[in-house]
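Visitor: I'd like a close look at one part of this protein: the nonpolar core. Could you walk me through that part and then show me what sits around it?

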Amino acid sequence: MNASEIMKQIESEQMKESAPEFHVGDTVKVYGKIVEGNRERIQVFEGIVLKKQGFSNRETFTVRKLSNGVGVEKTWPLHSPNVEKVEVVRYGKVRRAKLNYLRGRVGKRAKVKELVK
């Protein structure tokens, strides 16, 4: 058993059974665990998915929201135990894999069209 097989085994044990299904451009609610001292609570972070990158248990996604007129971005590991669940609020219609152009936009221009199914 070589090193790469051992790494694959360790990574497969850390992965979640059911990874949430969402895409770039979707508006999602990320339920993240936050530890404050000896207390643990769940905080919701709602915004647009800018990008998804990586694979296996290293997969991450970046969510951007506007908070008091200031853009806030947070990158979450998809298979982290600190991510309780990811809930899709709205499906977005986009034509690219990374939405970095949204960073320079404010107001209505920063919106993503909704995908009608």
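Guide: Here is a walk through the core, followed by its surroundings.

Keep in mind as you turn it around that this is a predicted model. Some orientation helps before zooming in. The protein chain has 1 helix and 5 strands, and along the sequence they come in the pattern α-β-β-β-β-β. Taken along the principal axes, the C-alpha atoms fill a box of roughly 55 × 40 × 25 Å. Of the 117 residues in the chain, 29% are buried.

Now for the core itself. The largest nonpolar core is made up of 11 residues. Going up in number, you can pick out Phe22, Val28, Val30, Phe45, Val49 and Phe61, and then Val63, Trp76, Leu78, Val83 and Val86. Several strands chip in here: β1 (27-36), β2 (39-53), β3 (60-67) and β5 (83-90) each give at least two residues to this core. As a general backdrop, nonpolar side chains in soluble globular proteins tend to be buried together.

There's also a second core, separate from that one, with 6 residues. Ile48, Leu50, Leu102 and Val112 are among them.

Back in the largest core, have a look at the aromatics. Phe22 and Phe61 make an aromatic pair, and the count of such pairs comes to 2. A pair like this is described by the distance of the ring centres and the angle of the planes. For Phe22 and Phe61, the centres are 4.9 Å apart and the planes sit at 70 degrees, which makes the pair edge-to-face. Phe22 is in the loop between α1 (3-14) and β1, while Phe61 belongs to strand β3, so this pair ties together parts 39 residues apart in sequence. Both rings come from buried residues: the relative accessible area is 0% for Phe22, and Phe61 comes in at 1%.

Val83 is another core member to click on. If you skip its neighbours within four places in sequence, Val83 is in contact with Lys16, Val30, Tyr31, Trp76 and Pro77. Two of those names, Val30 and Trp76, should ring a bell from the core list. For the chain as a whole, among contacts with a separation of 6 or more, 51% are between residues 24 or more positions apart.

Next, follow strand β5 to Glu87. Glu87 is partly exposed, at 30% relative accessible area. Apart from neighbours within four places in sequence, Glu87 is in contact with Thr27, Val28, Lys29 and Tyr31. Val28 is on the core list too, and Tyr31 also turned up as a contact of Val83. The C-alpha atoms of Glu87 and Gly32 are 12 Å apart, with their positions 55 residues apart along the chain.

Over in strand β4 (residues 70-77) you'll find Gly71. With a relative accessible area of 36%, Gly71 is partly exposed. Not counting residues up to four places away in sequence, Gly71 touches Arg64, Lys65 and Leu66. From the C-alpha of Gly71 to that of Gly104, 33 residues away along the chain, the separation is 9.7 Å.

Asn68 is in the loop between β3 and β4. At 79% relative accessibility, this residue counts as exposed. Check its backbone as well: phi of Asn68 is near 55 degrees, a positive value in a residue that isn't glycine.

That leaves the pockets. The largest pocket holds about 410 Å³ of space. It is lined by 19 residues, and Ile48, Arg64, Arg90, Ala110 and Lys111 are the closest to its centre. Ile48 is one we've met in the second core, and Arg64 is one of the residues Gly71 touches. Strands β2 and β3 each supply at least two residues of this lining. By class, the lining has 8 charged, 6 nonpolar and 5 polar residues.

The second largest pocket has about 240 Å³ of space. Its lining includes Lys93, Val94, Arg95 and Arg96, along with Leu99, Tyr101, Lys111 and Val112. Lys111 is also on the list of residues closest to the centre of the largest pocket, and Val112 belongs to the second core. The class tally for this second lining is 7 charged, 4 nonpolar and no polar residues.

Note on methods: Residues are numbered from 1 along each chain as its sequence is written. This is a predicted model: local features need pLDDT of at least 70, side-chain atom pairs count only at pLDDT 80 or more; totals for chains, interfaces and linings use all residues. Side-chain values use heavy atoms; hydrogens and water are left out. A nonpolar core is a set of buried Ala, Val, Leu, Ile, Met, Phe, Trp, Tyr and Cys residues joined through side-chain atoms within 4.5 Å. Buried means under 20% relative accessible area, exposed over 50%, partly exposed in between (1.4 Å probe, protein chains only). Helices (H or I, at least four residues) and strands (E, at least two) are DSSP runs, numbered from the N terminus. Contact means heavy atoms within 4.5 Å. On a 1 Å grid over the protein atoms alone, a cavity is a set of points where a 1.4 Å probe fits but cannot get out, and a pocket is an open set with protein on both sides within 12 Å along at least five of seven lines; lining residues have an atom within 4 Å of a point. Grid points are joined across faces, edges and corners, and a volume is the space filled by probe spheres set on the points. Ala, Val, Leu, Ile, Met, Phe, Trp, Tyr, Cys and Pro count as nonpolar, Asp, Glu, Lys and Arg as charged, and the others, Gly among them, as polar. Rings of Phe, Tyr and Trp (its six-membered ring) pair if their centres lie within 6.5 Å; planes under 30 degrees apart count as stacked, over 60 as edge-to-face and the rest as tilted.
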